[in-house]
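Happy to walk through this one with you at the bench. Please have a look at the sequence and the structure first, and then we can take the questions in turn.

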Amino acid sequence: MAKASDYRIVTFQRKPGQWRANITPVVAPATITRGAILGFVTAEDSSSEENAVIAAGRAIKELES
């Protein structure tokens, strides 16, 4: 089960007024297997840094399913 505390979220401004979040696991797996998620960036731009963090939280919840 994916929890927000298991991931580090770093926001960045892609263009003025367009924010995204980079999401990476806090602890890297001991062995990397094919298809393992090492990190990802939110798919859509957000209007603020706060909204980018919210979008990252939603993306982490989607990992649960």
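Q: Is Thr 42 buried or exposed?
A: This is a predicted model, in which local features need pLDDT of at least 70 and side-chain atom pairs count only at pLDDT 80 or more, while totals for chains, interfaces and linings use all residues. Residues are numbered from 1 along each chain as its sequence is written, and side-chain values use heavy atoms, with hydrogens and water left out. Buried means under 20% relative accessible area, exposed over 50%, and partly exposed in between (1.4 Å probe, protein chains only). Because its relative accessible area is 6%, Thr 42 is buried.

Q: Where does Thr 42 lie?
A: Helices (H or I, at least four residues) and strands (E, at least two) are DSSP runs, numbered from the N terminus. By that numbering, β3 covers 40-41 and α1 covers 49-63. Thr 42 lies in the loop between β3 and α1.

Q: Which residues is Thr 42 in contact with, leaving aside its neighbours within four places in sequence?
A: Contact here means heavy atoms within 4.5 Å. With those sequence neighbours set aside, the partners of Thr 42 are Arg 20, Ala 21, Ile 23, Ala 52, Ala 55 and Ala 56.

Q: Is Ala 43 buried or exposed?
A: Ala 43 also has its place in the loop between β3 and α1. Its C-alpha atom is separated from that of Ala 56 by 9.4 Å, with the two positions 13 residues apart along the chain. Because its relative accessibility is 67%, Ala 43 counts as exposed.

Q: What pattern does the protein chain follow along the sequence?
A: The protein chain holds one helix and three strands. Reading along the sequence, you meet them in the pattern β-β-β-α.

Q: What is the order of the strands in the sheet?
A: Two strands pair if DSSP finds at least two bridges between them. Strand β1 (residues 7-15) and strand β2 (residues 18-25) run antiparallel and are joined by eight bridges, while two bridges join β2 to β3, again antiparallel. The result is an open sheet of three strands in the order β1-β2-β3.

Q: Which strands stand at the edges of the sheet?
A: Strands of a sheet pair through backbone hydrogen bonds, either parallel or antiparallel. Two of the strands here have a single partner strand each, so one side of each is left without a neighbour in the sheet. Those edge strands are β1 and β3.

Q: What angle does the direction of α1 make with that of β2?
A: Axes are lines fitted to C-alpha atoms, for helices over the stretch in contact, and angles run from 0 to 180 degrees between N-to-C directions. Helix α1 packs on the sheet and touches β1, β2 and β3. Its direction and that of β2 make an angle of about 40°.

Q: Which residue in β3 does Ile 23 stand opposite?
A: Ile 23 is the bridge partner in β2 of Ile 9. Leaving aside neighbours within four places in sequence, its contacts include Tyr 7, Thr 42, Ala 56 and Ile 60. In β3, the residue opposite Ile 23 is Phe 40.

Q: Which element gives the most to the largest nonpolar core?
A: A nonpolar core is a set of buried Ala, Val, Leu, Ile, Met, Phe, Trp, Tyr and Cys residues joined through side-chain atoms within 4.5 Å. The largest one has eight residues: Tyr 7, Trp 19, Ala 21, Ile 23, Ala 52, Ala 56, Ala 59 and Ile 60. Two or more of them come from each of β2 and α1. With four residues, the element that gives the most is α1.

Q: Which residues are joined into one network by salt bridges that share partners?
A: A salt bridge is a side-chain nitrogen of Lys or Arg within 4 Å of a carboxyl oxygen of Asp or Glu, and a search of the whole structure finds two. Asp 45 meets Arg 14 at 2.7 Å, N to O, and Arg 20 at 2.6 Å, N to O. The shared partners make one network of Arg 14, Arg 20 and Asp 45.

Q: Is Arg 20 buried or exposed?
A: In the salt bridge with Asp 45, Arg 20 sits in strand β2, 25 residues apart from its partner. Asp 45 is partly exposed at 31% relative accessibility. Because its relative accessible area is 18%, Arg 20 is buried.
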